[in-house]
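Here are my notes for you, written as numbered points. Have the structure open while you read, and click on each part as it comes up.

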Amino acid sequence: MPDGIESESRKLLGRLRDTMAEEAAGQARLDRITHLTADSMGTEVCSIYLFRDAETLELCATQGLNAEAVHQTRMKLGEGLVGRVARSGKVVNAADAPSERGFRYMPETGEEIYSSFLGVPIQRLGEKLGVLVVQSREARKFTGDEIYALEVVAMVLAEMTELGAFVGEGAALKARHTQPALFRGGTGQEGSAMGHVWLHEPRVVVTNLVADDPETELVRLREAVDQLRVNVDEMLAGAPGDADQMQVLEAYRMFANSKGWMRRMEEDIARGLSAEAAVEKEQSLARARMGQVADAYLRDRLHDLDDLSNRLLRILTGQGRETGSEMPDDPILIARNIGPGELLEYGRKLRGVVLEEGSVGSHAAIVTRALAIPLVIHAERITTEALNGDRILVDGDQGVVHLRPDDTVMTAFRDKMAMQAKAQERYASIRDTPCVTACGRRIQLHMNAGLMADLPSLAGSGAEGVGLFRTELQFLIRNQMPKRTELAALYARVLDAAGGKRVVFRTLDIGSDKVLPYMKPQDEPNPALGWRAIRVGLDKPGVLRMQLQALLRAANGRPLSVMFPFVAQYEEFTAARTEMDKALDRERRLGHVLPERLEIGTMLETPSLAFASQRFFEEVEFLSIGGNDLKQFFFAADRENERVRRRYDTLNLSFLGFLRGIVARCRDSGTHLSFCGEDAGRPLEALCLAAIGIETLSMRPASIGPVKSLLMRTRLDEVAEVIARAEAEGAASVRAAVMEHLRQRGG
Ligand code: PEP
Ligand code: MG
């Protein structure tokens with residue numbers, strides 16, 4: 001890079017810094033920047049366009065265009081060359097701008113006399129803030145060095161905007177992080193919460209953007225990168241050998257040693273940026289690219305680079321995670337993503353969680369379910385917009401987040417929460433009343449659980465027991481396979497906490513969507529139909545045996561209920577039961593106490609099991625219908641696929657008829673039957689399941705109140721009649737008919 005350009009660039013940055021330091025109103029600073037930039041670049045025009053809203057850009061300062069156009073000229077995203085830069089996030093460099101595709105000139109600015117145009121995006125950490133433009137009469141293409149120089153100015157502008165340097169005047173220059181912002185994401189866990197922001201990873205604030213002495217900055221950067229390499233090597237050496245984590249760390253190491261990354265930062269410094277500003281500039285570019293990359297693997301690598309930049313910034317600025325801010329009393333956790341272990345560490349303090357990434361089946365979702373707090377996922381950009389302590393409303397039902405809400409939104413949200421609280425009060429008043437329907441049928445309501453954190457809900461919800469304890473959650477939230485003693489201790493604590501209420505432990509159900517981080521992933525064409533649950537347990541019985549032993553030890557003489565997942569045929573049940581017999585034998589030989597009573601059942605999750613031999617129904621002590629899986633196989637509609645998952649109604653008569661067949665077989669063989677899929681927690685569905693004869697329902701704890709309340713107000717015999725009538729009329733689903741019935745009854 002020619003020295004002259006470098007020193008010119010440094011000079012310009014030095015002047016920009018002086019501008020920052022001057023006591024001046026925001027507009028005066030912006031004006032001065034356009035003046036300095038035009039002067040330094042040797043162009044007649046320099047203009048700053050900033051976003052007024054997500055779709056509109058406004059000319060906010062100019063050197064060279066008509067001054068009257070400032071704060072008057074606006075354009076839509078994508079409109080003209082400025083709009084093109086804003087939309088694409090890419091540089092536009094045109095020697096003859098009027099002949100460019102999409103050129104549109106704004107007469108009030110007087111720009112028609114300028115031929116060449118160079119526009120660069122003003123963006124910070126991937127967020128678009130505006131466009132910086134230079135124009136000149138002479139028809140010429142700008143050189144790579146000139147583009148680079150303008151990008152550096154744009155970066156400084158972006159940082160200054162973040163620091164509030166331009167606040168105070170001018171319609172487009174509202175202070176950042178002060179406006180209400182709405183995020184539409186997805187539902188990770190239902191519920192609503194209001195509180196204040198707590199950032200899991202507080203942002204590093206860079207205040208010294210410009211440096212006088214590039215040599216010093218280069219030394220600082222190199223030392224910091226050396227430190228970073230050492231840290232990454234240490235992390236690699238200390239990693240427990242888990243493949244995914246190793247892969248991430250290897251990617252870190254690759255970046256930390258990447259020459260391209262280093263060279264670009266060194267060039268930034270040569271142009272006058274401080275070491276931390278150089279890191280942040282590269283981070284911003286990576287973030288901008290992240291939004292455009294469709295390939296998930298590459299996106300992950302860009303995320304790795306982003307994490308690495310954060311680490312480097314922390315080393316350079318000495319800012320740790322401790323920012324000095326205090327966690328609010330009502331914290332809503334904001335993070336790009338978070339592991340289950342970290343989330344559990346926050347524990348019950350949190351009111352809600354909002355993630356930029358995440359998924360419904362993610363471990364974070366499992367933990368928020370256990371903590372009974374709402375989770376919104378895919379709230380894009382929230383980590384860059386939210387500040388610690390900002391007020392925030394989380395609507396987990398709609399997947400919506402209001403950051404810094406205005407008064408009307410606050411009031412509406414408060415009303416909604418008050419209504420929910422009223423309903424909760426109603427549920428609390430019937431919490432200890434057994435669930436007996438209006439026609440006198442006793443329905444047992446149990447809860448689903450999987451973590452120790454779930455257990456307090458047993459008393460809180462009024463559940464009569466744990467109808468499904470998903471033991472895989474303990475395996476999923478760890479980085480390595482738990483040991484038998486750990487599991488035995490945990491299961492014993494679960495039984496202690498249940499205080500004599502029945503807990504049905506389901507043995508490890510992994511595979512399909514539940515992949516253990518420390519097990520070799522199976523590359524299966526169709527994992528939902530693949531090597532999962534009891535199939536894994538029987539083929540590789542080591543873990544199953546260890547788990548059965550842990551359960552027997554945990555029971556320590558108390559009654560024990562064990563259920564095998566995903567049994568598709570009689571032989572799988574007998575093979576699994578044989579494993580239990582062997583475990584019992586072993587315990588007996590070792591002189592350990594055996595459970596006072598041992599119940600062995602299976603999940604019914606594949607249609608095949610509904611048609612198993614009579615022997616199966618006679619031998620199995622209880623069955624629990626896993627409606628989530630059973631429904632996906634019945635309709636051949638993937639439960640994880642948003643496009644098809646809601647396509648078929650659980651209250652479809654063909655499915656209800658099928659379930660009724662299972663009820664009849666269980667009745668004939670005296671097999672206890674329950675239902676533990678998500679539908680058991682939906683009041684209307686629960687009502688219909690009870691009406692067709694399923695008398696034990698197991699659901700998430702928060703659903704017990706609403707389900708119980710509806711069941712207690714309703715006559716199941718009438719609902720059964722409504723179903724029969726709908727059937728006779730040839731309806732597809734009974735939903736409409738049952739809803740109409742409830743409406744008439746005032747339910
Ligand atoms: C089910 O399939 O309905 C079930 C309860 O099991 P899981 O959701 O854990 O697969
Ligand atoms: Mg299942």
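**Notes on the model**

1. Let's begin with an arginine. At 29% relative accessibility, R381 counts as partly exposed. You'll find R381 in the loop between strand 12 (375-377) and helix 12 (382-385). Its phi is near 70°, a positive value in a residue other than glycine. Keep in mind throughout that this is a predicted model.

2. Now try a second residue with a positive phi. For H71, phi is near 65°, and H71 is not a glycine either. H71 sits in the loop between strand 2 and strand 3. Is H71 buried or exposed? H71 has a relative accessible area of 19%, and buried means under 20%, so H71 counts as buried.

3. Time to zoom out to the whole chain. The protein chain is built with 28 helices and 22 strands. Its C-alpha trace spans about 95 × 60 × 45 Å along the principal axes. There are 747 residues in the protein chain, and 54% of them count as buried. If you take the contacts with a separation of 6 or more, 67% of them come from residues 24 or more positions apart. As for the outside, the accessible surface of the protein chain comes to about 32,000 Å², and carbon and sulfur atoms hold 50% of that.

4. Next, go to the metal. Which protein residues are donors of the magnesium ion (ligand 2)? They are E605, through OE, and D629, through OD, and they lie 2.0 to 2.1 Å from the ion. E605 belongs to the loop between strand 19 (598-604) and helix 20 (607-610), while D629 is part of helix 22 (residues 627-634), so the pair ties together parts that are 24 residues apart in sequence. Both E605 and D629 are buried.

5. Ligand 1 deserves a good look too. It is surrounded by 14 residues, and the closest are R470, R506, K514, N628 and R639. R506 has a polar side-chain atom 2.8 Å from an oxygen atom of ligand 1. R639 also places a polar side-chain atom 2.8 Å from an oxygen atom of ligand 1. From the backbone, a polar atom of G627 lies 3.1 Å from an oxygen atom of ligand 1. How much of ligand 1 does the protein bury? On its own, ligand 1 exposes 290 Å², and the protein buries 98% of that. Strand 16 (465-470) and helix 22 are the elements that give two or more residues to the shell around ligand 1. Helix 22 gives the most, with three residues. You met helix 22 at the magnesium ion as well, as the home of D629.

6. Have a look at helix 13 (residues 407-429). Its 23 residues reach 33 Å from the first C-alpha to the last, close to the 33 Å expected at 1.5 Å a residue. Which residues of helix 13 are buried? They are M410, F413, A423 and Y427. Among the parts that cover these buried residues are strand 9 (192-199), strand 13 (391-395) and helix 26 (701-713).

7. Helix 3 (residues 80-88) makes a nice follow-up. Its buried residues are G80, L81, V82, G83, V85 and A86. What do they pack against? The list runs through strand 1 (45-53), strand 2 (56-63), strand 3 (74-76), strand 4 (92-94), strand 5 (116-124) and strand 6 (127-136). Strand 2 and strand 3 also came up in point 2, on either side of the loop that holds H71. Just after helix 3, G89 takes a positive phi of about 70°.

8. Here's a lysine to click on. K281 lies in helix 8 (residues 275-290). K281 is buried, with a relative accessible area of 5%. Leaving out residues up to four places away in sequence, K281 touches Y148, E151, V152, M155, D268 and L273.

9. Last one: a valine in a loop. V205 is found between strand 9 and helix 5 (214-238). V205 is partly exposed, with a relative accessible area of 45%. Not counting residues up to four places away in sequence, V205 touches L163 and Q319. V205 and R314 are 109 residues apart along the chain, with 9.5 Å separating their C-alpha atoms.

Key: Residues are numbered from 1 along each chain as its sequence is written. Chains are lettered from A and ligands numbered from 1 in the order in which they are written. This is a predicted model: local features need pLDDT of at least 70, side-chain atom pairs count only at pLDDT 80 or more; totals for chains, interfaces and linings use all residues. Side-chain values use heavy atoms; hydrogens and water are left out. Donors are N, O and S atoms within 2.8 Å of the metal (3.2 Å for Na, K and Ca); water is not among the atoms, so sites may look incomplete. Helices (H or I, at least four residues) and strands (E, at least two) are DSSP runs, numbered from the N terminus. Buried means under 20% relative accessible area, exposed over 50%, partly exposed in between (1.4 Å probe, protein chains only). The expected span of a helix is 1.5 Å times one less than its number of residues. Contact means heavy atoms within 4.5 Å. A residue is near a molecule or strand if one of its heavy atoms lies within 4 Å of it. A polar contact is a pair of N or O atoms within 3.5 Å; within protein, one must be able to donate a hydrogen and the other to accept it, and residues adjacent in sequence count only if both atoms are side-chain atoms. Accessible areas come from the Shrake-Rupley method with a 1.4 Å probe; for residues, only the protein chains shown count as cover.
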